[in-house]
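Good morning, colleagues. I should like to take a few minutes to go through one chain with you, beginning with the whole and then turning to individual residues.

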Amino acid sequence: DKPRGMNSITLRHEDALTLADCLAAFAPATQSASKDARESGLVQRLDFYTSGAVLAAKSEEAWELLHRAFTEGSVKKDYLALVEGLFPK
C-alpha cells in the first residue's frame with residue numbers, strides 16, 4: 001500500500017526512502033526477485049503523488065510470471081479518483 005508522496009523506486013541518488021527500500025527491509029527475498037535491483041520485486045509502480053496497492057514478488061520466477069501478465073495485458077486494473085470541487089459542464 002504505497003502512500004502518496006513516496007517514490008516506488010530510487011530514481012536519483014538523493015531520493016528519500018522508497019517503497020522498494022521498505023520492501024527490501026520487510027522481505028529481503030524481494031531484493032533478488034526482479035531484474036533491476038532498485039525494484040525489490042516490484043512488478044509495477046505508482047507515480048509519486050499516487051497512493052494505492054502495488055504488487056511485488058519474492059522470487060524471480062514469480063516476478064517473471066507476474067511481469068509477463070502485466071506486459072501482455074491479462075491483469076485487470078481499476079483506478080479510483082477522489083475529486084473535490086465543481087467542474088464546468
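Of the 89 residues in this chain, 31% count as buried. Please bear in mind throughout that the model is a predicted one. The chain exposes about 6800 Å², and carbon and sulfur atoms supply 56% of that area. The C-alpha trace spans about 50 × 35 × 20 Å along its principal axes.

As for secondary structure, there are two helices and zero strands. If we take the contacts between residues at least 6 apart in sequence, 45% of them join residues at least 24 apart. The chain carries 11 positive and 13 negative charges, and the mean positions of the two sets are 5 Å apart.

Let me now turn to the helix α1, which covers residues 19-26. Which of its residues are buried? They are L19, A20, L23 and A24. Viewed down the axis of α1, these buried residues fall within an arc of 135°, and they therefore line one face of the helix. The face turned away from that buried side carries A25 and F26, both of which are exposed.

Next, the segment before α1, where I have chosen two residues. T18 is found in this segment. With a relative accessible area of 0%, T18 is buried. What does T18 touch, once its neighbours within four places in sequence are left aside? The contacts of T18 are with M6, N7, S8, I9 and T10.

D15 also belongs to the segment before α1. Is D15 buried or exposed? Its relative accessibility is 16%, and the cut-off for a buried residue is under 20%, so D15 counts as buried. Not counting residues up to four places away in sequence, D15 touches N7, I9 and T10. These three also appear among the contacts of T18.

I move on to the loop between α1 and α2, the latter being residues 60-72. T30 is found in this loop, and it is buried, with a relative accessible area of 2%. Leaving aside its neighbours within four places in sequence, T30 is in contact with L23, A24, S40, G41, A57 and K58. Two of these partners, L23 and A24, are among the buried residues of α1.

Another of the partners of T30 is S40, and this residue deserves a moment of its own. S40 has its place in the loop between α1 and α2. At a relative accessible area of 4%, S40 is buried. As general background, most residues other than glycine have a negative phi. The phi of S40, by contrast, is near 45°, a positive value in a residue other than glycine.

Finally, the aromatic residues. How many aromatic pairs does the structure hold? There is one. It is formed by F48 and Y49. The ring centres are 4.8 Å apart and the planes stand at 90° to each other, an edge-to-face arrangement. As regards accessibility, F48 counts as partly exposed, at 34%, whereas Y49 counts as exposed, at 58%.

To recapitulate: the buried residues of α1 line one face of the helix, T30 in the following loop is in contact with L23 and A24, and F48 and Y49 form an edge-to-face pair. Thank you for your attention.

Key:
Residues are numbered from 1 along each chain as its sequence is written. This is a predicted model: local features need pLDDT of at least 70, side-chain atom pairs count only at pLDDT 80 or more; totals for chains, interfaces and linings use all residues. Side-chain values use heavy atoms; hydrogens and water are left out. Buried means under 20% relative accessible area, exposed over 50%, partly exposed in between (1.4 Å probe, protein chains only). Helices (H or I, at least four residues) and strands (E, at least two) are DSSP runs, numbered from the N terminus. The arc is that of the directions from the helix axis to the C-beta atoms. Rings of Phe, Tyr and Trp (its six-membered ring) pair if their centres lie within 6.5 Å; planes under 30 degrees apart count as stacked, over 60 as edge-to-face and the rest as tilted. Contact means heavy atoms within 4.5 Å. Accessible areas come from the Shrake-Rupley method with a 1.4 Å probe; for residues, only the protein chains shown count as cover. Lys and Arg count as positive and Asp and Glu as negative; His and the chain ends are not counted. The place of a charge is taken as NZ of Lys, CZ of Arg, CG of Asp or CD of Glu.
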